[in-house]
Amino acid sequence: MSKPNRRRKKPPKRELIKARASGNERQQPEDLDAKILRTLSAEPKTATVLGVTIFLILVSIFAYRHVMDPGLIERPWLYVVAAFVAAFTFLAASSLTIMTYCFMFHRNTAAARAFLGSVGNFAAIGAVLGTLLGLRLAVPFFNEIQSHPADHKQPFMELMSLIGNTATILVLLMIGFCWVRAVGLVILTMRKNVGTSGAQTDEAKSWTTNWSRRVLSVGLLIVANYVGLRTAWAIWFILTSK
């Protein structure tokens, strides 16, 4: 006796094509608000943290004296370092200005909370890495004290200041990575919270809301970036004016 054929019959090709087409229709493209909110909620990438860590290891091995005394940096490397520091100063100052505005007026929104968590993660990583780099500088700082004891009247306080300054610089560096997210936060906040009160009619929203969103969002970005540019220019001038 022949065994019964238990294989299932394949559906016709036309039915497969229709099923695939219906599945593609169900997968609607992600809108701008959902895309920005997903970006704000994202954790710091491992590649970014690993890259900053490797950079700090190289600095702690080959350039620790220049971190302790930036005046030792010679031209033209001085301009490269000043440009790098000024660029991240601009990004950090702009991000902090945008964050201050959004937390003053829209701190209870999901986007603001997501951005706060993201900035907190980046700042925490910068604080840890900056403190470790500052502790690494304790050894050459101790050697400097032994070589020139008369120049260091309060060595412990100078060491604490060095560690604190290094941690602060790394915190600002990591916050600078949040600049794109800060701009996205402004766009999302303005789209959802400007001119959307229930007292307005649909006709008023179509003109008033769109106009106010554009003006306020563009104005906020201009002010935040202007503050960042002025701060970056001050840092550039300080570092290159020796």
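Helices here are DSSP runs of H or I at least four residues long, numbered from the N terminus; S118, for instance, is found in one of them, helix α6. The model shown in these views is predicted.

**Figure 1. The whole chain, a fold of ten helices and zero strands.** Let's start with the overview before zooming in. Follow the protein chain along its sequence and you will read α-α-α-α-α-α-α-α-α-α. Of its 242 residues, 30% are buried. Its accessible surface comes to about 16,500 Å², and carbon and sulfur atoms account for 65% of that area. How far apart in sequence are the contacting residues? Among contacts between residues at least 6 apart in sequence, 82% join residues at least 24 apart.

**Figure 2. Helix α8, residues 155–176, seen along its length.** This helix has 22 residues and reaches 32 Å from its first C-alpha to its last, close to the 32 Å expected at 1.5 Å a residue. Which residues of α8 are buried? They are L159, L162, I163, T166, A167, L170, L173, M174, I175 and G176. As you look at the spacing of these side chains, a reminder may help: an α-helix has 3.6 residues a turn, so residues three or four places apart point the same way. The next three views stay with α8 and its partners.

**Figure 3. Where α7 meets α8.** Helix α7 covers residues 138–147, and its axis comes within 11 Å of the α8 axis, with a crossing of roughly 150°. An angle over 145 degrees counts as roughly antiparallel, so that is the relation of α7 to α8. The crossing of the two helices is right-handed. On the α7 side, look for A138, F141 and I145; on the α8 side they meet P155, E158 and L159. L159 is also one of the buried residues of α8.

**Figure 4. Where α5 meets α8.** Helix α5 spans residues 77–105. The α5 and α8 axes come within 8 Å of each other and cross at roughly 70°. Angles from 65 to 115 degrees count as roughly perpendicular, so α5 stands in that relation to α8. From α5, the residues taking part are F84, F88, L91, A92, S95 and L96, which meet L172, L173, I175 and G176 of α8. Among the α8 residues here, L173, I175 and G176 are buried.

**Figure 5. A closer look at L172 in helix α8.** Is L172 buried, exposed or in between? Its relative accessible area is 37%, so L172 counts as partly exposed. Leaving aside neighbours within four places in sequence, L172 is in contact with F88, A92 and L96. Take F88 as an example: the C-alpha atoms of L172 and F88 are separated by 7.5 Å, although the two residues lie 84 apart along the chain.

**Figure 6. Helices α3 and α6 side by side.** Helix α3 (residues 46–62) and helix α6 (residues 110–136) have axes that come within 10 Å and cross at roughly 15°. That makes α3 roughly parallel to α6. The crossing is right-handed. To find the shared face, pick out V49, V52, T53, L56 and S60 in α3, which meet I125, L129, L133 and R136 in α6.

**Figure 7. S118 and R181, a contact between α6 and α9.** S118 is found in helix α6, while R181 has its place in helix α9, residues 179–193. Buried means under 20% relative accessible area, so S118 at 1% qualifies, and so does R181 at 12%. Beyond its neighbours within four places in sequence, S118 is in contact with L40, A42, C178 and R181. With the same neighbours left aside, R181 is in contact with T39, L40, A42, E43, F115, S118 and F122. L40 and A42 thus appear in both contact lists.

**Figure 8. A112 in helix α6, facing the question of L40 once more.** A112 counts as buried, at 1% relative accessibility. How far apart are A112 and L40 in sequence and in space? They are 72 residues apart in sequence and 8.5 Å apart in space, C-alpha to C-alpha.

**Figure 9. The cis peptide bond between R75 and P76.** Most peptide bonds are trans. The bond joining R75 and P76 is cis, with omega about 5°. You will find P76 in the loop between α4 (64–68) and α5 (77–105).

Technical notes: Residues numbered from 1 in each chain as written. Predicted model: local features only at pLDDT ≥ 70, side-chain atom pairs only at ≥ 80, totals over all residues. Heavy atoms only, no water. Expected span 1.5 Å × (residues − 1). Buried < 20%, exposed > 50% of the residue type's maximum accessible area, 1.4 Å probe, protein only. Contact = heavy atoms within 4.5 Å. Areas by Shrake-Rupley, 256 points an atom, 1.4 Å probe, with all protein chains shown as cover. Axes fitted to C-alpha atoms, helices over the stretch in contact; angles between N-to-C directions. Parallel < 35°, antiparallel > 145°, perpendicular 65-115°, else oblique. Left-handed = near helix turned anticlockwise from the far one by under 90°.
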